[in-house]
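Welcome, and thanks for opening the viewer. Let's walk through a few stops together, selecting as we go.

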Amino acid sequence: MSAPTVKYHCPCGNADNVRTPPPPHLPSSAYSFHDLHELFFCEECDAVRCNRCVSVEVSGYYCPNCLFEVPSASVRAEKNRCARSCFMCPNCLNTLQLVSSDPPDPGDGRLSIPVGTVGESPFFLYCNHCRWDSTDVNITFEKATGLAAQLQKFEDAAPDTLEFDRLKEYFEPVLRASGATSSAVPSSAANSHHLHSTSITAAASAALARDIPGVSKYNPLGRSTRGKDKSSKKDDVPEYKTRLDVSTAYAAGGEQDVEFMRHLEEDRDVATLEQRWGASWASPVQASELRPLRVPLHSKRSKRCPQCTHILIKPEQKAQTVRYKIKLLAVNYLPNISLSLPHRQTAPPTDRRSLTKSTTGEDDDEANKAMQAGLTYPFHIAIKNPMYDPIQIRLSPQRMHVPQVTSDKEKGRRPPFAISLPTTSFQVAAFADEWGYDDEEDDELDYLDDDDIGHRPKKEREKPKAKTVGVLEKKGNVTVIGGEVVLGKEARGNVKFNMLVKYQYKLPEDQGDSPSKKPVVKDFEFYTVVDLGPVVAKEERRIDDF
Amino acid sequence: MDLNDDTPVYYSKAEFIETDTGNKVSRRATIAGPQNIILGGKTIIVSQAIIRGDLRRSGAGHTVVISLGRYCLVQEYCVLRPPYKTYRGQFNYYPMKIGNCVHIGANSIVEAASVGDHVQIGKNCVIGKFAIIKDCAKIADGTIIPPNTVVPAMAEFEGSPGRFVRDLPESRSEIVESFTKKYYSRFQMLEPARR
Ligand SMILES: [Zn+2]
Ligand SMILES: [Zn+2]
Ligand SMILES: [Zn+2]
Ligand SMILES: [Zn+2]
């Protein structure tokens, strides 16, 4: 997305006593700011929450291909993959189709993609993207339904499955033991997962350390404590004996792989990392031996506030519905801020050719729209109030910190740009139902002047107004204010600054608890980062023009 | 998709036909078999798009071949063509249903069986025969969706073959709805210039 942009701060990345976000030129800035549409709002805490800080719980599993909703009770037994008839192409990872061994269509010249599950057995899986088919690896089916079940016996009998089951059995008592000691800790979803995996890691690394002498030197869980817990942890875990000796478990491997590589003619004969990634440890080196994998399940997720554990997002049960039982989005609570740069707006085209182009649109010449160092530009900030109460709002840009890094020469350098915004507060009217959100005429987004709808060319509106900084327009629940950026001669890169948004609103009397029946005034504030886009030096601009 | 973009998109009065329900169809688009095509209202079909309502199921009587909902946009050089297959020895076309607030980018070819509400299909995509695209899904620019693929709700697909890349935010339906409605209001008539 092209500038100008506004992103909203979630304070979760800050230390407890810090309220301000990192300065915009630091890389950490990108991790603290989010699109308003991706943020949540906890009414209980009166605070913004983001995907980095909410606790996530799975509320349901489904297969992304057949869309079957898998009961969570069977997810583990089915190893998180579709147990019906969905497979991924081992070659291109597309989903495979089941085709029958019907005689091909009588040649009517049309390209025939075999479809349909009626017809004659044996059936086989076919990729209609890369044309891989499962007869290459000797997989065919007698019945057209329940393919996973038909392949189940092979999957269950595979040496790696057996070994994995044995490993699970082996670790189960260890997990139970460590689970008993750690279950006292209150658990958000993220927490319990974390504890779970550390206990596995601890047990696994202890076992590894004993079996392979060199490994004990590397202990990621606490290098400094090496020696201290030497005896205690290791002895808790009994010795694990593999089912098969890995060197004899597979026919392939070693010499045979070398032989295969020696006669290699095309690199695509070797299975790529991506093709092997989802398979177990026993994935073949030869692309021709790759077997189809069942499609991994997807999940629907609920989200909770990390502080008060109230639910912020709760999807409806049905997998393919996009409705939510609870959906507390920040966009419905915080003022929605959007920016525009008047100098970047295009005049209506005058000839037919450019008119056609304007409908496909957006590949403008970015360089021509960049701001030039040493000049002053106005910008507009539109603020839309999503709440049923009017708000009194004040915007204050944070002073630019000039990084004092390099030489003495640079010290005391002036900030590369200065931002002017109205210093007083201003009102944004309340959201009212008649201003939109109903499907009929017209819609909530149209807050241009009436003159703009259609007939009058934009040029006239662009004429510099008498007032650049201040409230420019109020319409419905949107107030547009003007700001100005003065670019220094040395300004380069993007004009980015943090902006504090502070506002007040009155809760209606019946909601307030105060006995005097006076309306309760509420305050709220949050930070945003504003990116007005790139600045080019004057010379660069001139080169671009010709 | 820039929700803040207010820039008008101009079209010439001479080029477009506006229907009673606010559909705007370019005279330079190819609308074959218009009696078999339903446009839900406030849907825009721009120049050079091709919609094949003529590829209908065999047999007598009226039939809907392609239906589009409200606030849809079919960009330049798009081709919307109903899917076909030979089933029990019988060759046939099957209807294509496209929901509300669906934008299809320039040069994309769509042969899906169904496209849900609030779906965004980028430019230069190929949506294969009988693909099913559920609500609020997004197909990134240049993606190839092979025939019979199912794209689940709220998922973004990308690549060749198109594969799941990410879940879209919970606000997706609201974002797409605002964007498509706003696009319709930005799509403005320009009176012919005086000479
Ligand atoms: Zn957060
Ligand atoms: Zn499935
Ligand atoms: Zn394939
Ligand atoms: Zn909370």
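A metal donor here is an N, O or S atom within 2.8 Å of the metal, with a limit of 3.2 Å for Na, K and Ca. Keep in mind throughout that this is a predicted model.

**Stop 1: the zinc site**

Select the zinc ion (ligand 1) and show its donors: the SG atoms of Cys10(A), Cys12(A), Cys50(A) and Cys53(A) coordinate it at 2.2 to 2.3 Å. What arrangement do the four donor atoms make around the zinc ion (ligand 1)? The arrangement is tetrahedral, because the angles they subtend run from 104 to 112 degrees. If you turn on the sequence panel, you will find the donor residues spaced C-x1-C-x37-C-x2-C. Now pick out Cys10(A) and Cys53(A), a pair that links distant parts of the chain, 43 residues apart. Cys10(A) sits in the loop between strand S1 (5-9) and helix H1 (29-32) of chain A, while Cys53(A) sits in the loop between strand S4 (47-49) and strand S5 (55-62) of that chain. Both Cys10(A) and Cys53(A) are buried.

**Stop 2: a helix with two sides**

Next, select residues 147-157 of chain A, which form helix H3, and colour its buried residues: Leu147(A), Ala148(A), Gln150(A) and Leu151(A). These cover an arc of only 155 degrees around the axis, so they lie on the same side of H3(A). Rotate to the other side of H3(A), and you meet the exposed Ala149(A), Lys153(A) and Ala157(A). To see what covers the buried residues of H3(A), add strands of chain A including S7 (87-88), S8 (97-99), S9 (124-126) and S10 (293-294).

**Stop 3: an asparagine in a loop**

Staying in chain A, centre on Asn477(A), in the loop between strand S20 (470-475) and strand S21 (478-487). Is Asn477(A) buried or exposed? With a relative accessible area of 7%, Asn477(A) counts as buried, since the cut-off for buried is under 20%. Show the side chain of Asn477(A) and follow it to the backbone oxygen of Asn385(A), at 2.8 Å.

**Stop 4: the sheet of chain B**

Finally, move to chain B, where nine strands form an open sheet with mixed pairing, in the order S2-S3-S6-S9-S14-S17-S20-S23-S24. At the edges are strand S2 (16-18) and strand S24 (163-167) of chain B; each has a single partner strand, so one side of each has no neighbour in the sheet. Zoom in on S2(B) and strand S3 (residues 24-26) of chain B, which pair in the antiparallel sense over three bridges. Label Phe16(B) to end the tour: the residue opposite Phe16(B) is Ser26(B) in S3(B).

Note on methods: Residues are numbered from 1 along each chain as its sequence is written. Chains are lettered from A and ligands numbered from 1 in the order in which they are written. This is a predicted model: local features need pLDDT of at least 70, side-chain atom pairs count only at pLDDT 80 or more; totals for chains, interfaces and linings use all residues. Side-chain values use heavy atoms; hydrogens and water are left out. Helices (H or I, at least four residues) and strands (E, at least two) are DSSP runs, numbered from the N terminus. Buried means under 20% relative accessible area, exposed over 50%, partly exposed in between (1.4 Å probe, protein chains only). A polar contact is a pair of N or O atoms within 3.5 Å; within protein, one must be able to donate a hydrogen and the other to accept it, and residues adjacent in sequence count only if both atoms are side-chain atoms. The arc is that of the directions from the helix axis to the C-beta atoms. Contact means heavy atoms within 4.5 Å. Four donors count as tetrahedral if all angles lie between 85 and 135 degrees; four count as square planar and six as octahedral if opposite donors are over 155 degrees apart and all others between 65 and 115; anything else is irregular. Two strands pair if DSSP finds at least two bridges between them.
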